[in-house]
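Trainee: I'd like to practise reading a model feature by feature. Could you walk me through this one?
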Amino acid sequence: MAKKIVLLPCSGIGKAYGEIGRQAIYEVIGDHRPAEITTTCLAKLMIDDPEAKQLIHENIVITVDGCARDCARKNVETAGKKVDKALRVIEIFKDHRDLKPEGVLELGEPGFKLVHILAEKLGREIDCLERKEQ
Amino acid sequence: MSDDFMEVTYDKFTFRVRKDYWYHPEECWAKESGGLVIVGVSDFLQKVVGDVAFLELPEAGAELAPGGEAGTMETIKTTVALISPVGGTIQEVNGELDENPQLVNTDPYGAGWIFKVAPGNWEADQKGLMDAPAYFPKMEEKIKAEMAKK
Amino acid sequence: MLEEFKQVKVGIIPCNGEEICEGTLTRFACRKVLDSLRPNDTVTICLPLFIAGDKGERNFAKAFPTITVDGCEKRCSQKCTERLSGRPKHAIVISELLKEHGLEPPQSRQTLEEKDKAAVDLVAEEIARKVDEILEKG
C-alpha cells in the first residue's frame, strides 16, 4: 500500500507564520489528492495518541514551521520520527518580501498570496518525495 | 539574574541586557574589542520587531557617522533602520546573517552581531552611549509603553 | 520598578488542532480574548512552542494561572499543560460547550463563516468569564 503524505504545520498562534503554514496545508489537502494527503493535530503526538503516532511512523511526513524555532519538526522528532522534509514559512517570505500579512489570523490578500505560494512549493516537495518512494 | 546579563521578565518574555556593552537610544549596542567596535541590536528591539528576514547592510570600507543610518532590518511586521552608535569605517559585516538572519533574534548579543567598525574616536562616541545600568530602566520604560499599546 | 505592569495575567492555551474545525475555532476565540475582550489580562501560550520546550512559555505556565481551550474531548492542550507545567485553572472543551448551547460547530477547517461568529463569540465570552473568575473581577 502506497504511503500517505502527512503535512504538519506548527499552527503557532503568536505570529502570522503559523496561520500561513496551516492555511497552505489545508489548500494542498483540498486541492490535491485528499485521500493521499492528510494532516493530524501536532499536540496528539505529545499525548501519545496511538492513531496519530501510527500515522506519522508509517507515512511520509513534511513539517511546515513558521520560523526557525522549528516547533513542528521538534515535536515530530520527539515522537520518534525523523521528518522527510522540513519547510519554514519565513523562507517563503524571504523571496516575497512585499507580501506582508495584515494580521495574525486575518491574513488579508497579501497573506493569502503567501499561502498560495507556499502551497505550490508544498505540492512540488510532495511530488519529489513521492518519486523517491517509487 | 546571570553574571553576564541584567534581566527582567514581563508576561512570558524575559528581556536581557548585556552588562559589559554600551547602548544607543535607538536600540543598538557597541562593544570595543581589539581596537574595533562590534555593533548589534538590543534584545528589546529584536523582540519587538519579530523574526528577522532580511538585513541590508553597508559594505566593508563604508564610512559611518555616529548615530547615522547603517542599514535596515526587515521582518514580516516592519522595517527598521539600523543606527550605528559609533563613527568610523566598516571593517567587517557578519556574513552568517546572509543565510541565517534570525541569529539576530536567537543571539542578539553574540552570534547575531551585525558589523564591526574601526572607530574614528571611540572615547568621544562612547560618551553619547549608556552603560547597562543606565540603559536598563530606559528599556523598562519602553517595555511599559509597548504593553500599554494593547 | 514597574510593579504595576507585573500584574497577574492568565495564560490562554488553545489546542490549535489541525484535524477538526473546532481546532480552528479555538484559535479565533482565543485571539478575540487576547486582542479585544481581555487584552490587559491575558497572554496566549503557543502550544507547539510550549511542547517544544520554550522556557518563556513553560515558565509563564508554571508561575501564572492558565486556561486550556480544546477543540474536542481528546483534551490535548489540557493534558499537555498538566504534564508540562501543572493543572490549568479551567479547561474548556469547545465540542461540549457548543453542544450545551445548541450551536453547530463550523463546517470548514480553513475559514469561519458568518454563521460561525456566534460560536466564536460564545467561546470567547466563556474564556473571558473564566479569566474574570480567576482574577476575581466583576
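Trainee: Let's begin with helix H1 of chain A: which strands does H1(A) lie across?

Mentor: In this predicted model, H1(A) crosses S1, S2 and S3 of chain A, and its direction is at about 155° to S1(A).

Trainee: In what order do the strands of that sheet in chain A come, and is the pairing parallel or antiparallel?

Mentor: The sheet is open, with four strands in the order S2-S1-S3-S4 (chain A), and the pairing is parallel. Strand S2 (37-38) and strand S4 (85-88) of chain A are at the edges with a single partner strand each, so one side of each has no neighbour in the sheet. Look also at strand S3 (residues 60-65) of chain A, which pairs with S4(A) over four bridges in the parallel sense. There, Val64(A) is opposite Leu87(A) in S4(A).

Trainee: And how confident is the predictor about chain A?

Mentor: A general caution comes with that: where pLDDT is low, the predicted coordinates should not be read in detail. For chain A the mean pLDDT is 92, and 98% of its residues reach 70 or more. Among the elements of chain A, strand S1 (residues 5-9) has the highest mean, 97, and helix H5 (residues 89-94) the lowest, 91.

Trainee: Now H4 of chain A. Is H4(A) enclosed or open?

Mentor: Six of the eight residues of H4(A) are buried, so this helix is largely enclosed by the rest of the structure. The buried residues are Cys71(A), Ala72(A), Arg73(A), Lys74(A), Asn75(A) and Val76(A). Their cover includes S1, H2, helix H3 (50-58), S3 and S4 of chain A, along with H2 of chain C. After H4(A) comes Gly80(A), with a positive phi near 95°.

Trainee: Since chain C has come up, how many residues does each chain give to the contact between chain A and chain C?

Mentor: Chain A gives 25 residues and chain C gives 25 residues. On the side of chain A, helix H1 (16-31), helix H2 (42-46) and helix H4 (71-78) each supply at least two residues. That side of chain A divides into 13 nonpolar, seven polar and five charged residues.

Trainee: Can we take one residue of chain C? Where does Cys46(C) lie?

Mentor: Cys46(C) is in the loop between strand S2 (42-44) and helix H2 (47-51) of chain C. With 25 other C-beta atoms within 10 Å, Cys46(C) is buried. Setting aside neighbours within four places in sequence, Cys46(C) is in contact with Gly12(A), Ile13(A), Gly14(A) and Glu57(C).

Trainee: What about the nonpolar core: which residues touch the most other members?

Mentor: The general idea is that in soluble globular proteins, nonpolar side chains tend to be buried together. Here the largest nonpolar core has 119 residues, and Leu7(A), Val64(A), Ile12(C), Ala29(C), Val69(C) and Ile127(C) touch the most other members. H1(A) provides the largest share of this core, eight residues. To follow one member, take Val69(C): not counting residues up to four places away in sequence, the residues it touches include Ile12(C), Ala29(C), Ile92(C), Ile94(C) and Ile127(C).

Trainee: Let's finish with chain B. How many residues lie between S1(B) and S2(B) in their hairpin?

Mentor: Two residues lie between them, and Asp11(B) in the turn has a positive phi of about 55°. Strand S1 (residues 5-10) and strand S2 (residues 13-18) of chain B pair over six bridges in the antiparallel sense, with Arg16(B) in S2(B) as the bridge partner of Glu7(B).

Trainee: Which strands make up the three-stranded open sheet of chain B?

Mentor: Its order is S6-S8-S9 (chain B), with antiparallel pairing. Strand S6 (52-56) and strand S9 (79-83) of chain B are at the edges, each with a single partner strand, so one side of each is without a neighbour in the sheet. From one strand to the next, the twist averages 25°. Strand S8 (residues 69-75) of chain B and S9(B) share five bridges, and Met73(B) is opposite Val80(B) in S9(B).

Trainee: And is S11 of chain B mostly covered or uncovered?

Mentor: Strand S11 (residues 115-119) of chain B is mostly covered, with four of its five residues buried. S11(B) runs antiparallel to strand S5 (residues 36-41) of chain B, joined by three bridges, and pairs in the antiparallel sense with strand S10 (residues 88-93) of chain B over five bridges. Lys116(B) is the bridge partner of Ile38(B) and of Glu92(B).

Conventions
Residues numbered from 1 in each chain as written. Chains lettered and ligands numbered in written order. Predicted model: local features only at pLDDT ≥ 70, side-chain atom pairs only at ≥ 80, totals over all residues. Contact = placed C-beta atoms within 7 Å. Nonpolar A, V, L, I, M, F, W, Y, C, P; charged D, E, K, R; others polar. Pairing = 2+ DSSP bridges. Axes fitted to C-alpha atoms, helices over the stretch in contact; angles between N-to-C directions. Core = buried A, V, L, I, M, F, W, Y, C linked by C-beta atoms within 7 Å. Buried ≥ 20, exposed ≤ 12 C-beta atoms within 10 Å, placed from the backbone. pLDDT = per-residue confidence, 0-100.
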